[in-house]
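Here are some notes for your reading of this model, set out as numbered points. Please go through them with the coordinates open.

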Amino acid sequence: MNIKEIRIEDFDYALPDERIAKYPLEERDSSNLLYWRNGTIEKMHFYDLPDLLSREHLLIYNNTKVIQARLHFQKETGATIEIFCLEPHSPADYNLVFQENKSCVWKCLVGNSKKWKEGALKQTMSIRNILFELRAVRIESANEGMSHLVRFEWDDEEILFSDILSHFGELPIPPYLNRATEEKDKETYQTVYSKIDGSVAAPTAGLHFTMDVLRRLALNGVREDEVTLHVGAGTFQPVKSEEIGDHPMHREIISVTKSTIEDLIASAGHIVAVGTTSVRTLESLYYLGCRIARNPQNPDLMVEQWEPYENNYTLTTQEALQTIIDYLNNNHLSTLDAATRIMIVPSFQFRIVNKIITNFHQPKSTLLLLISAFVGIDRWRKIYDFAMENNFRFLSYGDSSLLVRSEEQEQGVKSKE
């Protein structure tokens, strides 16, 4: 099968608007949980999750935190220009850009951009009783005009860019909710374990966790680790091409500590990824290890979109992960910082993840392709049909599932390694 010729029409299903959850449940862990294993499906609740995992399992969360990434500027003409901050450009490091106190440059989407032909946008603001002016200057456009580089400038060094976003930015809830952001979204559209600022969309599988579920998981001996993948707006980008080979995958920044990689080696065969963002992060590690092995002195730490399908890889998963650890040790680093455009589609060889906790995704989306790759190209529809027939709620604020790779799939991977 030529994977680039996979037709996105084969991953379509009818999703009525009333099945899209516009708001979360009042009790996060009361959401439905679809449990799929070896072709059988059960309807449970998310608070049942601790009973489905044991001390052999290692649970991997994405600890990214959604930033209030939308800024609005009012022109003298009355037109409103929305600037959606996607990814820092200068400085390119998230930690550094949030600490800037004079200016910074971001890759942005611009709403109503035709009304912003030239000059700086200006907005007077007040933070901690400090009155100042924020200016936005468009430097250049990229990606055929879809995104822009915008420089933000302000004239008070006591104000950090993180202050500006937290005081005047708007939380970017998903467009398919078809409603304005509300104050309570600031809490409900964050996971209870979020802590690293940088995402413009939540890793929504984690929205079902409560402190009680986490406590019960710990009592059962389930171990946990964290990774960071800052979710970009590309996660909402539909596949518009007929064949997936023509769909450009977005770039995302990932960060994984050495101790987490060591735990992945020790827990091989029992890795539970919370959400597709964790899956993409973990599965990218294998290819990063292969890149380091090829060029240990100066590796290019960027996984390209079709990389997993274009080469014959000889390293075992353990060897690739150990290569990363050796690289970090040799360079006196405690964390691997990298980027990925990995696109996981049917025929992908999962090397690290054995179970996925995930929500129900949009039709004809890259996330649905990932689920199909995990459970089997002929099985995803059975799962989604069951969810539809049993009144599950869909998308970001909807219900969840625990998907387990079949024993035959796992044996297939082991035999190749």
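**Notes on a loop residue, a pocket and two cores**

1. In this predicted model, Asn63 sits in the loop that runs between β3 (58-62) and β4 (64-66). With a relative accessibility of 5%, Asn63 counts as buried, because the cut-off for that class is under 20%. Leaving out residues up to four places away in sequence, Asn63 touches Tyr193, Ser194, Lys195 and Ile196, and also Glu226, Val227 and Thr228.

2. Thr228 appears again in the second largest pocket, where Asn95, Thr228, His230, Ser255 and Asp337 are the residues that lie nearest the centre, out of a lining of 22 residues. The space in this second largest pocket comes to about 490 Å³.

3. Which elements each supply at least two residues of the lining of the second largest pocket? They are the strands β6 (80-90), β12 (223-229), β13 (252-257) and β16 (335-340), together with the helix α2 (94-98). Sorted by class, the lining of the second largest pocket consists of 8 polar, 7 charged and 7 nonpolar residues.

4. Turning to the nonpolar interior, the largest core has 81 residues, and Leu34, Leu282 and Leu285 have the most contacts inside it. Helix α7 (residues 276-294) gives the most to this core, contributing 8 residues. Apart from neighbours within four places in sequence, Leu34 is in contact with residues including Ile41, Phe360, Ile383, Phe386, Phe392 and Leu403. A second core, separate from this one, has 32 residues, among them Cys85, Val110, Trp116 and Leu134.

Terms used: Residues numbered from 1 in each chain as written. Predicted model: local features only at pLDDT ≥ 70, side-chain atom pairs only at ≥ 80, totals over all residues. Heavy atoms only, no water. 1 Å grid on protein atoms, 1.4 Å probe; cavity = no way out; pocket = protein on both sides within 12 Å on 5 of 7 lines; lining within 4 Å. Points joined across faces, edges and corners; volume = space filled by probe spheres on them. Helix = DSSP H or I, 4+ residues; strand = E, 2+ residues; numbered from the N terminus. Nonpolar A, V, L, I, M, F, W, Y, C, P; charged D, E, K, R; others polar. Core = buried A, V, L, I, M, F, W, Y, C linked by side-chain atoms within 4.5 Å. Buried < 20%, exposed > 50% of the residue type's maximum accessible area, 1.4 Å probe, protein only. Contact = heavy atoms within 4.5 Å.
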